[in-house]
Amino acid sequence: MDSRLLGAYGEQIAARHLRTSGYKIKSANYKTNVGEIDIIAEKGEYICFVEVKTRTEGAMLPPSSAVGFHKEKNIEGSAAIYMKRYDVKLKPRYDIIEIIVKDKAVVSFNHIENAF
């Protein structure tokens, strides 16, 4: 599976998990001039800006290691734009969802709340 399809597949899995965990999905693949946010979801007092990282089994590093300082700043900047544009009053939270798959089967799933 090429990396774009793998990423889209992971985002579908992550969105399903969030919905079944009581989150309300507000947006997916939200793009600004600063960057992109994979999933924006609300739950309770939080608006969650979620970065989804999907890898195939056997990857050398955990998926979350691909979210470095520069990526975090891009997500935070895009989140600020979203919150201002839609006058969001909820507390922002930045999460990472790590997914490891093998032959389209989820081998590992990890939702890291307040990842940065």
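Let me begin with a working term: a residue is buried when its relative accessible area is under 20%, exposed when that value is over 50%, and partly exposed in between. Arg93 comes out at 6% relative accessibility, so Arg93 counts as buried. Please keep in mind that we are looking at a predicted model. We'll come back to Arg93, but let's start with the fold.

The centre of my talk is the sheet. Five strands make up an open, mixed sheet, and their order is β1-β2-β3-β4-β5. At the edges sit β1, residues 24-31, and β5, residues 105-112, each pairing on one side only. On average, neighbouring strands are turned by 25° against each other, direction ignored.

Two helices go with this sheet. Helix α1, residues 3-20, packs on it and touches β1, β2, β3, β4 and β5, and its direction makes about 140° with that of β3. Helix α2, residues 69-85, lies across β1, β2, β3 and β4, and runs at about 145° to β3.

Now, which way do the partners of β4 run? On one side, β3 (residues 46-56) and β4 (residues 91-102) run parallel and are joined by 11 bridges. If you want a place to look, Ile47 has Pro92 as its bridge partner in β4. With β5, strand β4 runs antiparallel, and seven bridges join the two. There, Ile97 stands opposite His111 in β5. The pair β4 and β5 forms a hairpin with two residues between the strands, and Asp103 in the turn has a positive phi of about 50°.

While we are on β4, let me point you to Glu98, which lies in that strand. What is the nearest side chain of opposite charge to Glu98? That would be Arg55, but Arg55 is 8.7 Å away, and the buried Glu98 has no salt bridge. What the Glu98 side chain does make is a polar contact with the side chain of Ser64, at 2.7 Å. Beyond its neighbours within four places in sequence, Glu98 is in contact with several residues, including Lys53, Pro62, Pro63, Phe109 and Ile112.

That brings me to the charged pairs. The model has nine salt bridges in total, and I'll show you three.

The pair Lys91 and Glu45 has its closest N and O atoms 2.8 Å apart. Lys91 is in strand β4 and Glu45 is in the loop between β2 and β3, so this salt bridge ties together parts 46 residues apart in sequence. Both ends are partly exposed, with Lys91 at 45% relative accessibility and Glu45 at 42%.

Back to Arg93, as promised. Its side chain meets that of Glu113 in a salt bridge, 3.8 Å from N to O. Since Arg93 belongs to strand β4 and Glu113 to the segment after β5, the pair ties together parts that are 20 residues apart in sequence. Here the two ends have their own labels: Arg93 is buried, while Glu113 is partly exposed at 45% relative accessibility.

My last pair is Glu51 and Lys53, whose side chains meet at 3.2 Å, N to O. Are these two buried or exposed? Glu51 has 2% relative accessibility, so Glu51 counts as buried. Lys53, at 15%, counts as buried too. This pair also belongs to a network, in which salt bridges that share partners join Glu51, Lys53 and Lys71.

Thanks, everyone, and I'm happy to take questions.

Terms used
Residues are numbered from 1 along each chain as its sequence is written. This is a predicted model: local features need pLDDT of at least 70, side-chain atom pairs count only at pLDDT 80 or more; totals for chains, interfaces and linings use all residues. Side-chain values use heavy atoms; hydrogens and water are left out. Two strands pair if DSSP finds at least two bridges between them. Helices (H or I, at least four residues) and strands (E, at least two) are DSSP runs, numbered from the N terminus. Axes are lines fitted to C-alpha atoms, for helices over the stretch in contact, and angles run from 0 to 180 degrees between N-to-C directions. Contact means heavy atoms within 4.5 Å. Buried means under 20% relative accessible area, exposed over 50%, partly exposed in between (1.4 Å probe, protein chains only). Lys and Arg count as positive and Asp and Glu as negative; His and the chain ends are not counted. A salt bridge is a side-chain nitrogen of Lys or Arg within 4 Å of a carboxyl oxygen of Asp or Glu. A polar contact is a pair of N or O atoms within 3.5 Å; within protein, one must be able to donate a hydrogen and the other to accept it, and residues adjacent in sequence count only if both atoms are side-chain atoms.
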